[in-house]
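Here is a short briefing on one protein model and its ligand. The topics are helix packing, the domains, the ligand shell and the backbone.

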Amino acid sequence: MTQPKTAVLLVNLGSPDQPTPAAVRRYLKEFLSDRRVVEGDGLMRLIWLTVLNGIILTFRPRKVAKLYASIWDQDSPLRLILNQQVAALQRALQQQMPAQNIQVYSAMTYGNPGLTARLEELTDAGYRKILVLPLYPQYSATTTAPIYDLISRFQMKTRDFPDIRVIHDYHDHPLYIQALAESVQDFREAHPASDKLILSYHGIPQEYAAKGDPYPEHCHRTSELLAERLGLTADQWQTTFQSRFGPKAWLQPYTDKTLEALPESGVKKVDIICPAFSADCLETLEEIAVENRDVFVGAGGEQYQYIPALNADEGMINLLVRLVKDNSSGWFNLANTTNTENEINNAS
Ligand SMILES: C=CC1=C(C)c2cc3[nH]c(cc4nc(cc5[nH]c(cc1n2)c(C)c5CCC(=O)O)C(CCC(=O)O)=C4C)c(C)c3C=C
Ligand SMILES: [Fe+2]
Ligand SMILES: [Fe+2]
C-alpha cells in the first residue's frame with residue numbers, strides 16, 4: 001500500500017523581505033496588528049492601531065531596517081537558518097525513515113514564506129498529513145498560538161483539509177536540554193572561562209503572564225533543567241528577559257539592566273545564551289551580541305561571549321527527528337498492518 005503524502009512544516013516567526021524601511025514597515029504592520037501580539041479590545045484596540053499606524057510605522061522601520069542591514073547575509077539570518085534546518089531535517093528523515101517519504105518545508109507566521117500560502121500549496125499538491133513544528137521551545141500565546149490561529153483560519157475556509165497536527169512546545173524535552181547542554185559545553189571547551197552563564201529569553205508583557213500565559217514558567221523550567229544538566233551552582237547562572245517593546249512592564253529581570261549591574265557586583269566575565277531562539281536572528285545577533293555587549297563592557301565588564309543558537313546543529317536535528325517520530329504515530333503503515341487487524345479481531 002502506498003503511504004499518504006506527508007509533510008513536516010518548520011515554522012518560525014518571520015522577517016522582512018528586505019532590510020529596507022518599506023519592507024520592514026510591511027512586516028511590522030502585519031506582526032504588530034496581530035491581536036495575540038498586542039492585546040486589547042474596543043477603545044484600547046483603536047488607540048493601539050492609531051499609535052501603530054501613526055508613530056510606530058513612521059519612525060521604527062527606518063531604525064530597524066538599519067539593524068537588519070547590519071546582520072543581513074543575502075537574506076535574513078532567521079530565514080537562511082530556517083532553510084538550513086529544513087535541509088538538514090530532510091536529510092536526516094531520508095536516512096532514518098526512507099519508506100515514509102516525508103517532505104520538509106519552511107513557513108513563517110509573518111512575512112514570507114507565509115504559513116497560510118504553504119498550507120494551501122501543500123494541500124493542492126496532495127499532501128494528506130501535515131505535521132506543523134513551531135520552532136518555539138517555550139509555548140507562548142504571543143508566538144505559538146498565532147500558528148494555531150492561522151491553521152484554524154485555513155481549515156475554516158477549506159472543505160477537504162489534510163490531517164494537521166501541531167507540536168505545542170518542547171521546553172523540557174530531554175533532547176532539547178541535551179542539545180543546549182552540549183552547545184554550552186562545546187563552547188566553553190573552546191573559549192576562555194567565565195564567571196556566569198546568562199540565559200536570556202525574549203520577554204512578553206508582564207500582564208500576559210499574569211493572565212495565564214505559561215511562557216515564563218516554561219523558560220524557568222528550561223533554565224533549571226539546563227543548569228542541572230551542566231552541574232552549575234546557583235551563583236553560576238541566571239535567567240533574564242530581553243527585547244522589551246513599549247512602555248509597559250515586561251518579564252523581569254531585564255537582560256540589559258542585569259548586565260549593567262553585574263560588573264559592580266564582581267561578575268566581569270559572562271557567557272550568554274538565548275534558549276528561546278531556535279535560530280539566530282536580529283534579537284540575538286544584534287541585540288544580544290552587539291547592543292548588550294556594549295552595555296556590559298560600558299559598565300566595566302571585561303569579557304562577554306555570546307553562545308550561538310542551536311540553528312542546524314546536530315543536536316537540534318536529532319531533537320527535530322525525535323519530535324517527528326513521536327508525533328507522527330499512527331500515520332504510517334509500517335510492518336504492522338496485520339497487527340492492527342489482529343487487534344480488531346481480538347477485540348470483537
Ligand atoms: C510587541 C510585542 C512583541 C511580543 C509580545 C514579542 C514576543 C516574542 N517574540 C519572539 C521572537 C522574535 N521576535 C523578533 C523580533 C521582534 N519582536 C517584536 C515584538 C514582540 N515580540 C518586534 C517589534 C520585533 C521586530 C524587530 C523590532 O522592531 O524590534 C524576532 C526576530 C525576527 C528576525 O527577523 O530576526 C524573533 C525570533 C518570541 C520568542 C516572543 C515571545 C515568547
Ligand atoms: Fe519578538
Ligand atoms: Fe529587539
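Helix axes here are lines fitted to C-alpha atoms over the stretch in contact, and angles run from 0 to 180 degrees between N-to-C directions. The model is predicted. The protein chain is divided into domain 1 (6-16 + 76-169 + 313-327) and domain 2 (174-307). Ligand 1 has residues of both domains in its shell, so it lies between them.

**Helices α4 and α5**

- Helix α4 spans residues 115-124 and helix α5 spans residues 145-156.
- Their axes are 10 Å apart, and the helices pack at an angle of about 45°.
- That angle makes α4 oblique to α5, because it falls outside the ranges for roughly parallel (under 35 degrees), roughly perpendicular (65 to 115) and roughly antiparallel (over 145).
- The crossing of α4 and α5 is right-handed.
- From α4, the contact takes L115, T116 and L119.
- From α5, the contact takes I147, L150, I151 and F154.
- By class, the residues of this contact are six nonpolar, one polar and no charged.

**Helices α1 and α2**

- Helix α1 covers residues 21-32, and α2 covers 42-71.
- α1 and α2 pack at an angle of about 125°, with axes 8 Å apart.
- The two helices are therefore oblique to each other.
- The crossing of α1 and α2 is right-handed.
- α1 brings P21, V24, R25, L28, K29 and L32 to the contact.
- These meet L52, I56, L57, R60, P61, R62, V64, A65 and Y68 of α2.
- The contact of α1 with α2 holds 11 nonpolar, no polar and four charged residues.

**Helices α2 and α10**

- At what angle do the axes of α2 and α10 cross? They cross at roughly 95° and come within 10 Å.
- That makes α2 roughly perpendicular to α10, because angles of 65 to 115 degrees count as such.
- On the α2 side, the contact residues are L67, Y68, S70 and I71.
- On the α10 side, they are L282, L285 and E286.
- The contact of α2 with α10 has five nonpolar, one polar and one charged residues.
- Y68 of α2 appears in this contact and also in the contact with α1.

**Ligand shell**

- How many residues surround ligand 1? The shell has 23 residues.
- The closest are S15, S140, H202, C281 and L282.
- α2 (42-71) and α10 (282-298) are the elements that give two or more residues to this shell.
- L282 is one of the closest residues to ligand 1, and L282 also takes part in the contact of α10 with α2.
- By class, the shell divides into 14 nonpolar, seven polar and two charged residues.
- Where does ligand 1 lie with respect to the domains? Domain 1 and domain 2 both give residues to the shell, so ligand 1 lies between them.

**Domain contact**

- The C-alpha centres of domain 1 and domain 2 lie 27 Å apart.
- In the contact, 20 residues of domain 1 touch 21 residues of domain 2.
- On the domain 1 side, α3 (77-96) and α11 (314-327) each supply at least two residues.
- The residues on that side of domain 1 are 10 nonpolar, seven polar and three charged.

**Backbone features**

- Most residues other than glycine have a negative phi, and most peptide bonds are trans.
- Which peptide bonds are cis? One is the bond from N112 to P113, with omega near -5°.
- P113 sits in the loop between β2 (103-108) and α4.
- The peptide bond from Q252 to P253 is cis too, with omega near 0°.
- P253 sits in the loop between β6 (237-242) and α9 (255-261).
- Q74 has a positive phi, near 70°, in a residue other than glycine.
- Q74 is found in the loop between α2 and α3.

Technical notes
Residues are numbered from 1 along each chain as its sequence is written. Chains are lettered from A and ligands numbered from 1 in the order in which they are written. This is a predicted model: local features need pLDDT of at least 70, side-chain atom pairs count only at pLDDT 80 or more; totals for chains, interfaces and linings use all residues. Helices (H or I, at least four residues) and strands (E, at least two) are DSSP runs, numbered from the N terminus. A crossing is left-handed if the near helix is turned anticlockwise from the far one by less than a right angle, and right-handed if clockwise. Two residues are in contact if their C-beta atoms, placed from the backbone, lie within 7 Å. Ala, Val, Leu, Ile, Met, Phe, Trp, Tyr, Cys and Pro count as nonpolar, Asp, Glu, Lys and Arg as charged, and the others, Gly among them, as polar. A residue is near a molecule or strand if its C-beta atom, placed from the backbone, lies within 6 Å of it. Domain bounds come from an automatic or database domain assignment.
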